[in-house]
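I opened this notebook to keep track of what I looked up in one structure, going from strand pairing to enclosed and open spaces. The entries follow the order in which I checked things.

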Amino acid sequence: MQPLLHRAASALGWRGIVVPDVAVLGHQVSAVVRVRADVHEWRSANGWPPQADPSWFRSWFEPAAHDRLPVPAVELVGVLVGESTADRALQSCGTLMTLAPCSVVLPAMKGGESWPLIELDYYGIGVVAVDPAGAAELVVPPEDRSTEFGPSLFGRWLLEVLYERVLKEVPADARVLG
């Protein structure tokens with residue numbers, strides 16, 4: 001599955017680290033992130049490890065508990081959702097597109113299946129088709145509509161979860177920094 005995700009991210013032009021199997025809002029998705037090298041170095045030097053515990057974020061509403069908050073050390077480039085049909089893509093990407101561009105990875109479609117693609121394009125959801133040989137092709141480019149919704153506490157927490165996953169799962173010399 002990992003090589004397929006890398007090919008899908010490449011077809012989208014998304015550069016970064018692919019973090020597979022992230023549970024988000026009831027869906028298993030993959031995220032493409034970039035580590036912000038300067039922020040990561042600062043957080044490491046100043047004792048700010050990833051804060052992925054949801055209860056820690058709830059405490060942000062209590063200003064007396066925190067006089068400072070960490071800057072996000074990763075940037076969410078986009079979200080990849082694997083689906084078997086285009087009909088499920090809108091449901092899968094609907095809420096996620098408030099956080100970053102969202103693209104569904106589908107098996108290559110037959111020519112008569114264009115209506116679902118038109119609907120996905122309308123909502124800004126990208127489509128990457130994968131043929132039986134594993135080649136990925138960008139069919140519908142995603143739009144970044146996250147600015148329409150603004151930042152959220154959930155989105156900020158997700159960045160911490162992704163930061164934690166990158167530090168645990170990706171060797172330091174293999175991280176795409178910048």
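The entries below cover the strands, the cavity, the pocket and one serine.

**Entry 1, strand pairing.** I noted at the outset that this is a predicted model. I began with β1 and β2, which run antiparallel and are joined by six bridges, and I found Ile17 standing opposite Val33 in β2. The two strands form a hairpin with two residues between them, and in that turn I noted Leu25, whose phi is positive at about 50 degrees. I then followed β2 on to β3, where I again found an antiparallel run, with six bridges joining the two strands. Val33 turned up once more here, since its bridge partner in β3 is Leu76.

**Entry 2, the cavity.** How many cavities of 30 Å³ or more does the count give? I recorded one cavity by this rule, and for the largest cavity I wrote down a volume of about 40 Å³. Its lining includes Val22, Val24, Val29, Ser30 and Ala31, together with Val79, Leu96, Leu158 and Leu162. When I asked which elements supply at least two of these residues, I came to β1 (17-24), β2 (27-35) and α7 (153-169), and of the elements it is β2 that gives the most, with three residues. By type I sorted the lining into eight nonpolar residues and one polar residue, with no charged residue.

**Entry 3, the pocket.** I next turned to the largest pocket, which holds about 290 Å³ of space. Among the residues that line this pocket I listed Val74, Glu75 and Leu76, then Thr98 and Leu99, and also Ser146, Arg156 and Leu159. Here β3 (74-82) and α7 each supply at least two residues of the lining. The pocket lining divides into five nonpolar, five polar and two charged residues, whereas no charged residue was found in the lining of the largest cavity. I also marked Leu76 as a lining residue of the pocket that serves as the bridge partner of Val33.

**Entry 4, Ser103.** Is Ser103 buried or exposed? I placed Ser103 in strand β4, which covers residues 102-107, and I entered this serine as buried because its relative accessible area is 0%, where buried means under 20%. Leaving aside residues up to four places away in sequence, I found that Ser103 touches Leu12, Trp14, Val79, Leu80, Val81, Cys93, Gly126, Val127 and Pro142. Val79, one of these contacts, is also in the lining of the largest cavity.

Notes. Residues numbered from 1 in each chain as written. Predicted model: local features only at pLDDT ≥ 70, side-chain atom pairs only at ≥ 80, totals over all residues. Heavy atoms only, no water. 1 Å grid on protein atoms, 1.4 Å probe; cavity = no way out; pocket = protein on both sides within 12 Å on 5 of 7 lines; lining within 4 Å. Points joined across faces, edges and corners; volume = space filled by probe spheres on them. Helix = DSSP H or I, 4+ residues; strand = E, 2+ residues; numbered from the N terminus. Nonpolar A, V, L, I, M, F, W, Y, C, P; charged D, E, K, R; others polar. Buried < 20%, exposed > 50% of the residue type's maximum accessible area, 1.4 Å probe, protein only. Contact = heavy atoms within 4.5 Å. Pairing = 2+ DSSP bridges.
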